[in-house]
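The exercises below ask you to read a protein model step by step, and each task is followed by a worked solution. Please look at the structure before you begin.

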Amino acid sequence: MKKYLEMLKNRGSDLAIVIDTHSVLTAPWTIYKCKFGCGAYGKNHCCPPNVPTYKETQEILDCFSKGILFRTHEENTITPLAVEVAKELFLDGYYKAIAFGDGNCQKCAKCNPERCNFPGQTVPSMEACGMDVFATVRNNGLEIHTLRVKGEPQNHFGLVLVE
């Protein structure tokens, strides 16, 4: 896993750790936050209801024993990094590697309703798939805040599952 942790750090992540998937918490309330707190809900292929439910996500998590949790401080950097690392893992023989980004997809001004215009370049966010990012981050001994702490950069987290 060292190669992939270094890859993330070389591409802008300031923190990347291997975690046990049992530390990833799923919950139905995350979808509620998407539905009633985000204008992208139902408008693209990477947002609910077009992504796995929290129960389906838990079933996916149950197929893995480890993942790579990583952080950046720049918006719109997590998803491309997650996709890139999952692809590298796959090409290196880890055929069970899937990525989760953060936030809603920013690839298109308006999502193509028929199919994604950028398959293989974007993935849904952890939150959209029902992961409680705050609990997951804290379960792994890291700090996360709902608001920016004065003088501290904003944190963004992504996850790559690998077996």
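**Exercise 1.** In this predicted model, find how many residues line the largest pocket and which of them lie nearest its centre.

*Solution.* Begin with the lining, which is made up of 44 residues, and then look towards the centre of the pocket, where Asp102, Gly103, Glu127, Asn155 and His156 lie nearest. As a next step, consider the space inside the largest pocket, which comes to about 1,100 Å³.

**Exercise 2.** Determine which helices and which strand each supply at least two residues of that lining.

*Solution.* Going along the chain, the elements that each supply at least two lining residues are helix H2 (29–37), H4, helix H5 (133–139) and strand S4 (156–162). When their shares are then considered, the largest share, five residues, turns out to come from H2.

**Exercise 3.** Decide whether threonine 79 is buried, partly exposed or exposed, and list its contacts beyond four places in sequence.

*Solution.* Threonine 79 lies in helix H4. Its relative accessibility is 11%, and because buried means under 20%, threonine 79 counts as buried. Leaving out residues up to four places away in sequence, threonine 79 touches Gly101, Asp102, Thr122 and Val123.

**Exercise 4.** Classify phenylalanine 90 in the same way, and name the residues that make up the nonpolar surface patch to which Phe90 belongs.

*Solution.* Phenylalanine 90 is placed in helix H4, which covers residues 78–91. Since its relative accessible area is 48%, and partly exposed lies between the limits of 20% and 50%, phenylalanine 90 is partly exposed. Together with Leu91 and Tyr95, Phe90 makes a nonpolar surface patch of about 410 Å².

Definitions and conventions
Residues are numbered from 1 along each chain as its sequence is written. This is a predicted model: local features need pLDDT of at least 70, side-chain atom pairs count only at pLDDT 80 or more; totals for chains, interfaces and linings use all residues. Side-chain values use heavy atoms; hydrogens and water are left out. Patches are made of residues with over 30% relative accessible area and no salt bridge: like charges are joined within 9 Å, nonpolar side chains (Val, Leu, Ile, Met, Phe, Trp, Tyr) within 5 Å. Accessible areas come from the Shrake-Rupley method with a 1.4 Å probe; for residues, only the protein chains shown count as cover. A salt bridge is a side-chain nitrogen of Lys or Arg within 4 Å of a carboxyl oxygen of Asp or Glu. Helices (H or I, at least four residues) and strands (E, at least two) are DSSP runs, numbered from the N terminus. Buried means under 20% relative accessible area, exposed over 50%, partly exposed in between (1.4 Å probe, protein chains only). Contact means heavy atoms within 4.5 Å. On a 1 Å grid over the protein atoms alone, a cavity is a set of points where a 1.4 Å probe fits but cannot get out, and a pocket is an open set with protein on both sides within 12 Å along at least five of seven lines; lining residues have an atom within 4 Å of a point. Grid points are joined across faces, edges and corners, and a volume is the space filled by probe spheres set on the points.
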